[in-house]
There are 4 protein chains.
Amino acid sequence: MIIVMQAGASEAELEHVVARVERLGLRPHVIVGTERTVVAVVGDERDAVSRGLETLPGVAAVLPILAPYKVASREVQAEPTVVRAGSLTVGGGRVGVIAGPCSVEDREQIVTTARAVKEAGATGLRGGAFKPRTSPYSFQGLKEQGLELLAEARAETGLAIVTEVVSPEDVPLVARFADVLQIGARNMQNYRLLEAAGRVQVPVLLKRGPAATVEELLLAAEYILDGGNRQVMLCERGIRTFESHTRFTLPLATVPWLHARTHLPVVVDPSHGTGHANLVESMAAAAVAAGADGLIVEVHPDPKAAASDGGQTLDVPAFGRMMDVCRRIAAAVGRHL
Amino acid sequence: MIIVMQAGASEAELEHVVARVERLGLRPHVIVGTERTVVAVVGDERDAVSRGLETLPGVAAVLPILAPYKVASREVQAEPTVVRAGSLTVGGGRVGVIAGPCSVEDREQIVTTARAVKEAGATGLRGGAFKPRTSPYSFQGLKEQGLELLAEARAETGLAIVTEVVSPEDVPLVARFADVLQIGARNMQNYRLLEAAGRVQVPVLLKRGPAATVEELLLAAEYILDGGNRQVMLCERGIRTFESHTRFTLPLATVPWLHARTHLPVVVDPSHGTGHANLVESMAAAAVAAGADGLIVEVHPDPKAAASDGGQTLDVPAFGRMMDVCRRIAAAVGRHL
Amino acid sequence: MIIVMQAGASEAELEHVVARVERLGLRPHVIVGTERTVVAVVGDERDAVSRGLETLPGVAAVLPILAPYKVASREVQAEPTVVRAGSLTVGGGRVGVIAGPCSVEDREQIVTTARAVKEAGATGLRGGAFKPRTSPYSFQGLKEQGLELLAEARAETGLAIVTEVVSPEDVPLVARFADVLQIGARNMQNYRLLEAAGRVQVPVLLKRGPAATVEELLLAAEYILDGGNRQVMLCERGIRTFESHTRFTLPLATVPWLHARTHLPVVVDPSHGTGHANLVESMAAAAVAAGADGLIVEVHPDPKAAASDGGQTLDVPAFGRMMDVCRRIAAAVGRHL
Amino acid sequence: MIIVMQAGASEAELEHVVARVERLGLRPHVIVGTERTVVAVVGDERDAVSRGLETLPGVAAVLPILAPYKVASREVQAEPTVVRAGSLTVGGGRVGVIAGPCSVEDREQIVTTARAVKEAGATGLRGGAFKPRTSPYSFQGLKEQGLELLAEARAETGLAIVTEVVSPEDVPLVARFADVLQIGARNMQNYRLLEAAGRVQVPVLLKRGPAATVEELLLAAEYILDGGNRQVMLCERGIRTFESHTRFTLPLATVPWLHARTHLPVVVDPSHGTGHANLVESMAAAAVAAGADGLIVEVHPDPKAAASDGGQTLDVPAFGRMMDVCRRIAAAVGRHL
């Protein structure tokens, strides 16, 4: 890290800083500039930054240098990770498309949707059995019964099942039914849940929290990787900004930025990322053009009757049109759905 | 809710909307304007908004009218809630001050701090035993041993203990030791945890998530209230914005806004809200002036040696100065610490 | 607009609101609901919202209904506007690409760049002669001499010139040299400048301010359109959010959202929108996939030596690669560069 | 500045960086760490950062060290600046209160308001003659006639006049009537206007743009100071964030942060900062508690009839109550109105 001294810092203050750095087991290099003195610190600083150096007298700022994540880093593994879960492949030139309803509602709904999205080219089926909802008065999901219906849909179509888990104690149950565990945006920093997901060998789709930085997303992935589960997909689903014409703001520059720093594949959710069905196709196409390794999209046979998230859900014909465009875009960038 | 039709919507589209509203058990009123037609909908709309009305052909927008929270609302209980937990009173003209270290580190540290903050006028002791940390490589807390040390500090000083719980299965354990359960910003939408906190009769300090709207904060409180626990304090601790000179942006207008809408008391955290020790006193003073019912502040006998959050932690003399200022401000607005 | 009364509003308060609405020349419809009463107001409300209705006793909220922009609206002109300026066409299936350096530095630099970007397929040449800079100590541009150099580059290559104007009194001068007047993000709400641009018949590229909503962007365009200049291009160049790994956050959902509401073409600036050269190609590709009618990109023969914005500037080979990808993407969505 | 090399950067890349730094006239210090090499650069770097160092091969990041503002800095002038303009004093223990309507509407309105706010203790009168409005269809102010009415109000009450100037060519005119030139948030980066304000010797109230960082605010002030006008007040009036329950988010930590870095006084605008009259008193009180040197508040004899901004405007009795609270708070922090 770099410790920047204040313009008028005294010699004694500088010595105090140097001594403190040495006590942390790190090596200080003092550089006297024309206007300021800085202390460059060499060694593994990863947690030292928070140890109060910036409150020492005479210190103006502390600038970290090392990225705080390790196992997720391209510097540790240059080769991109390809996640495979049954019919679903994400990464390695393959754009995996996960589609389905926000919530599993009944057998008819989930099986019909599974057949339709498979026909249009999806390789994974999404559907919520455990639903975290902002209001306690909203529909909370069919829970275990929903998992069983998803398993039936897989039996009928062969599609890999992607479904959310919201609590560490549910991980074994959901892992028994699902091909991919989804950890939702609200739970991105639910560390017990991340640790539990790190202890199973089922791939994980980790969604970015709406106020999480990309570094925090990588550190959340690090909890899972560090636990021993290396099959992690990162998912950009939009951030909270001042914009109110979309439900969230979908920052697609996340995709190439992450690709430069991590070997983990990156999936984009244009449904939550926009919140409006009529923006989904354009943003799915843009995501593939930006290099996304996968898409996760809400599709329902009758969005107007959906139990949740109807406003951002495609119907089957609209999903088919989206797939056609994405297929052509993928080909234009040397990849395929 | 109000359904705004597009400028060119057809008669058939309007009829379709009206029929859909009726099928939801609500009453539509059609109002034909000079440029647009709107449908005003009467009845309890609380979950209907998400039922896909905005995707109907001809619909331009759906505007909700009712606040989605109920039990937290001043319309349900006009009288302010006063939370009492041992030595700590929050609300009713009393500004409760909860102070202490980010993490419990050892007996010496927590007991010394407890004595010092009590002497300066604090009425609650904070200290983390279970620490949610962004990086898996950071210190995660002493866990149950930390709770025992907090209990010792209470035995020595009589201060009420405020400590975080991060997982539903820990609620009974933490509730055995703590006078107030803290639910942290990262867990504000961990609904299992909120439900578990709703099942005990220990007061809860619920922190606002850094990307949560105030409505979402109230809905999270609603999970606890709806479970039967009515002793809930809301805590503003800063939001994520483009500002980077502070750790978070502390929006104090939350305090009077919440007071106008909910009977629950509002606590402010100027330590996380700014991230810099030298900004804490000013923002604590500002919070009291804005009407806060409580403060929660990080204090450590030696911030530079703290295991976490050193940069935003006050030492004991600085905390004493902060208390002096806040005492005078409270008097100026007809309240007392 | 819709006026929502408070739950406990009195009959007298309601009558007062109704009277006030009538005095504004609008027609109120009172609708008594189960929990609330609302007053739906019919008529042209465009400026009435700010007339203090929300401060009337008993009023809980005022919700606008009509979009505040008119001439920019698709409801006024369904047909998309195609902007043509010399060699440059933006809209109507044609993706115009404007490329060049941040600042005009000297004859050699601008002519070399113009030749290179033309060869790679650009149809417009950008280059700043008047540079608004955050710091008074930064390079401010060559001013009129820069305009002359741009004209020379046009004489050599035939490329249409796009250059910024920062002050109303410069509009006639810049309009004499430029094919397109650029109004920068910092000046999006410099109304005198917008009015001046409305009085000439040179096409305008209007950049979105980093904190401007899309409605505010349309209203800023409305100033130009209302002045009589109908050749306006809107430009998304990124917004200020909490993200710090990119210079701004580039929200591409703006493109389809604007297309649904306005007939004006939409250009995307992936250089300012990301701030990093290595993210530009991906985001240019994504913009075309999302339906952008144009791109504006910073290109310099030697970015490392550029007088400004070097970190986000492509060199000529990188620009060539970007063009290849964008050409294929455009074809995939039925359009061409 | 500090140049951080990538983990795998080659010796040749390092040498290239070192050579480039030397060519910029700066001195590089190479420090070889356990995981990374960094180059600490000594000398006046202020504009070099943008010169493309971060695009050199092998460079991971470039971290600036020096603050980019100079004249505004406390390091240049330790003593706080006190701004005096007729009846108005801002700074030096005195909290100046500027109050009045959003727009000057007619003689009666402005003189009545001036008398009322003076009686309640205001020392400055605000009132817009030139109004920048988001929509071209909104009221744009009385212009020169408004200035004359303001001068009449001053003649009647002795209050210093604070009024906005929106264009460089209007500066001499407005400076003839006004005691303080206000530069509004939309114009914070209108550099021609800042330069024009730097050429007169009338104090300036410079408002922070809603997406401007505090560093950008200081750099905008630097334009005025650098022009020779040293009587500059900074004004925090709220930023754009995801919060929608207030018009802007008012980040009061700006006040102590600025006080630590600049000698310029800091004024807070709780009217625009919240957008709701019922939040103004609390936030005015909080601003004074946080150390604000001044307040600027919208007051109108009949807010409901105001031509603009009615929703956030206090009536005279509410302003009187606000003043009472602020007077007590100021006393509590050793200052006075």
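Tutor: Copies in this predicted model are superposed by least squares on the C-alpha atoms of residues with pLDDT of at least 70 in both.

Student: What makes chains B and D related as by a two-fold rotation axis?

Tutor: A turn of 180° with a shift of 0.0 Å along the axis lays chain B on chain D, and the RMSD is then 0.0 Å. The two copies are therefore related as by a two-fold rotation axis. Moreover, the same surface serves both copies, since 100% of the contact residues of chain B recur in chain D.

Student: Which residue of chain B comes closest to the rotation axis?

Tutor: That is Ala286(B), whose C-alpha lies at 2.0 Å from the axis.

Student: Why is Arg240(B) called buried?

Tutor: A residue is buried if 20 or more other C-beta atoms lie within 10 Å of its own; Arg240(B) has 25 C-beta neighbours inside 10 Å, and therefore counts as buried. Arg240(B) belongs to the loop between β12 (232–236) and α7 (254–261) of chain B. Leaving aside neighbours within four places in sequence, its contacts are Pro210(B), Ala211(B) and Phe248(B), together with Ala211(A) and Phe242(C).

Student: Which residues touch the most other members of the largest nonpolar core?

Tutor: Among the 405 residues of that core, they are Leu206(A), Leu206(B), Leu206(C) and Leu206(D), along with Ala289(B) and Ala289(C). Beyond four places in sequence, Leu206(B) is in contact with residues including Ile183(B), Met188(B), Ile224(B) and Val232(B). A second, separate core of 36 residues includes Val62(B), Ile65(B), Val41(C) and Val62(C).

Note on methods
Residues are numbered from 1 along each chain as its sequence is written. Chains are lettered from A and ligands numbered from 1 in the order in which they are written. This is a predicted model: local features need pLDDT of at least 70, side-chain atom pairs count only at pLDDT 80 or more; totals for chains, interfaces and linings use all residues. Two residues are in contact if their C-beta atoms, placed from the backbone, lie within 7 Å. A nonpolar core is a set of buried Ala, Val, Leu, Ile, Met, Phe, Trp, Tyr and Cys residues joined through C-beta atoms within 7 Å. A residue is buried if 20 or more other C-beta atoms lie within 10 Å of its own, exposed if 12 or fewer, and partly exposed in between; C-beta atoms are placed from the backbone. Helices (H or I, at least four residues) and strands (E, at least two) are DSSP runs, numbered from the N terminus.
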